Amino acid sequence: MTKKTQEYRKQLAELFVHALEEQELNWQKGWNGKAFLPQNAVTEKAYRGLNRFYLAMIAKDRGYQESRWATFHQIQEHGWKLEHAKGQGVQVEYWFPYDTEEKQGLSWSEFRNRSEEFGERYQLRAVYSYVFNGDLIQGLPELQIVQNDIMPDELIGVISRNMQVEMLHDGGNQAFYNQQQDQIHLPVPECFESDYAYNTTALHELAHATGAPHRLKRELAGYFGSESYAYEELVAEITASFFAVHLAVEPGQMQIENHKAYVQSWIRAIREKPERLVKAIQQAEKAATYLEYHAGLVDQKEYLRCETTTVEVEEMEGKSYMGIRKDIQEIQNMQHQIQENTVYMKKFMEDNHIPLLQKNFEKESVPKFGTEKGRQR
């Protein structure tokens with residue numbers, strides 16, 4: 001590991017620790033996956049709630065590539081045609097306010113403008129209809145997606161191959177690591193806002209993969225919202241930020257602030273144990289070195305050496321970062337007081353012509369921590 005890398009990681013580590021005391025930042029997702037959410041082909045509105053979940057599951061199960069869906073009436077109205085669609089309709093539900101006095105449905109905006117509440121007059125009603133995926137519709141206009149020219153860093157592919165972790169760009173609006181299949185799923189590169197956003201997202205998921213049982217053996221079984229899940233998210237994000245110094249496009253202040261915002265968002269889940277952040281930084285150091293080794297940036301000897309060392313961030317068992325810092329401050333105050341007392345006593349003895357006591361002590365008479373003599377004592 002180069003001196004530049006060591007200094008960079010140390011600075012980032014301190015930045016993350018101090019983030020506990022700072023005003024919370026807003027994390028910005030690095031890609032725009034709206035076009036990959038299930039949406040209506042005519043209104044262009046995304047389906048919500050159970051409909052979104054159900055349509056996404058059906059699309060994945062059937063292998064649909066289109067994110068748009070339309071009703072049979074919409075297809076006919078626009079002159080489109082269904083092809084091989086027998087039995088392929090999927091039922092969705094739409095809930096709307098209903099005025100029992102006027103005996104008619106209202107749009108949600110109309111209901112809100114009346115400033116009424118649901119009760120005897122205004123009730124919730126549902127209508128059900130079948131929709132068909134865009135892959136089955138002939139004549140559907142091509143979906144216009146803003147595509148950015150993204151260049152994946154060469155190191156991402158090298159790490160993926162050497163770790164034998166398959167990286168698939170089929171995640172739609174999600175980025176995740178599947179531990180059972182040992183695969184990474186990402187949105188297509190064109191959806192990302194920048195090269196850095198794509199590469200660090202890939203690094204974040206590769207960091208998760210380092211925790212697999214046959215690699216660094218971290219706990220990956222935590223459910224969303226649990227302390228163990230939050231801890232692993234901290235490790236992965238800090239690992240990505242540590243490794244980012246090797247990317248062709250290095251992070252600017254805005255990117256570093258976004259890393260910090262992500263860490264802040266997950267540290268809330270373990271707020272009662274802030275020392276866990278320090279441990280996460282140490283785990284991230286090991287994971288980042290693991291990625292460096294599989295990227296060909298360090299040899300095996302350097303990798304094994306780094307396995308036994310960590311970033312120099314103060315840690316003490318059972319204490320928070322604030323508690324540790326308070327102890328350090330107290331020690332520094334004591335040292336300062338001792339120095340002042342020593343200067344005062346020396347001046348007092350000189351002013352009163354009191355000879356200073358000088359004695360040579362044998363080195364063997366003073367036990368040292370770590371020696372046999374010191375341990376016996």
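Helices (H or I, at least four residues) and strands (E, at least two) are DSSP runs, numbered from the N terminus. The model here is predicted, so local features need pLDDT of at least 70 and side-chain atom pairs count only at pLDDT 80 or more, while totals for chains, interfaces and linings use all residues. Residues are numbered from 1 along each chain as its sequence is written, and side-chain values use heavy atoms, with hydrogens and water left out.

**Exercise 1. Place Leu124, then describe the nonpolar patch on the surface.**

Step 1. Leu124 sits in strand β6.

Step 2. With a relative accessibility of 42%, Leu124 is partly exposed. Buried means under 20% relative accessible area, exposed over 50%, and partly exposed in between (1.4 Å probe, protein chains only).

Step 3. Leu124 belongs to a nonpolar surface patch together with Tyr94, Trp95, Trp108, Phe118, Val127 and Tyr128. Patches are made of residues with over 30% relative accessible area and no salt bridge: like charges are joined within 9 Å, nonpolar side chains (Val, Leu, Ile, Met, Phe, Trp, Tyr) within 5 Å.

Step 4. The accessible area of the patch is about 690 Å² together; such areas come from the Shrake-Rupley method with a 1.4 Å probe, and for residues only the protein chains shown count as cover.

Step 5. Strands β4 and β6 each supply at least two of the patch residues, and β6 has the largest share, 3 residues.

**Exercise 2. Trace the salt bridges of Arg121.**

Step 1. A salt bridge is a side-chain nitrogen of Lys or Arg within 4 Å of a carboxyl oxygen of Asp or Glu. The structure holds 8 of them.

Step 2. Arg121 pairs with Asp99, and their closest N and O atoms are 2.9 Å apart. This pair links distant parts of the chain, with Asp99 in strand β4 (residues 90–99) and Arg121 in the loop between α4 (108–113) and β6 (122–133), 22 residues apart.

Step 3. Arg121 also meets Glu102 in a salt bridge, at 3.6 Å from N to O. Glu102 lies in the loop between β4 and β5 (104–105) and Arg121 in the loop between α4 and β6, so this pair ties together parts that are 19 residues apart in sequence.

Step 4. Salt bridges that share partners join Asp99, Glu101, Glu102, Arg114 and Arg121 into one network.

Step 5. Now add the accessibilities: Asp99 is buried at 0%, Arg121 is partly exposed at 28%, and Glu102 is partly exposed at 39%.

**Exercise 3. Find which residues touch the most other members of the largest nonpolar core.**

Step 1. A nonpolar core is a set of buried Ala, Val, Leu, Ile, Met, Phe, Trp, Tyr and Cys residues joined through side-chain atoms within 4.5 Å.

Step 2. The largest core has 29 residues, and Ile159, Met163, Met167, Leu203 and Leu206 touch the most other members.

Step 3. Two or more residues come from each of α5 (154–163), α6 (195–210), α7 (227–243) and α9 (275–294). Helix α6 gives the most, 7 residues.

Step 4. Look at Ile159: leaving aside neighbours within four places in sequence, Ile159 is in contact (heavy atoms within 4.5 Å) with Leu203, Leu206, Phe243, Leu291, His294 and Ala295.

Step 5. Another core, of 18 residues, lies apart from this one and includes Leu55, Ala59, Ala85 and Ile137.
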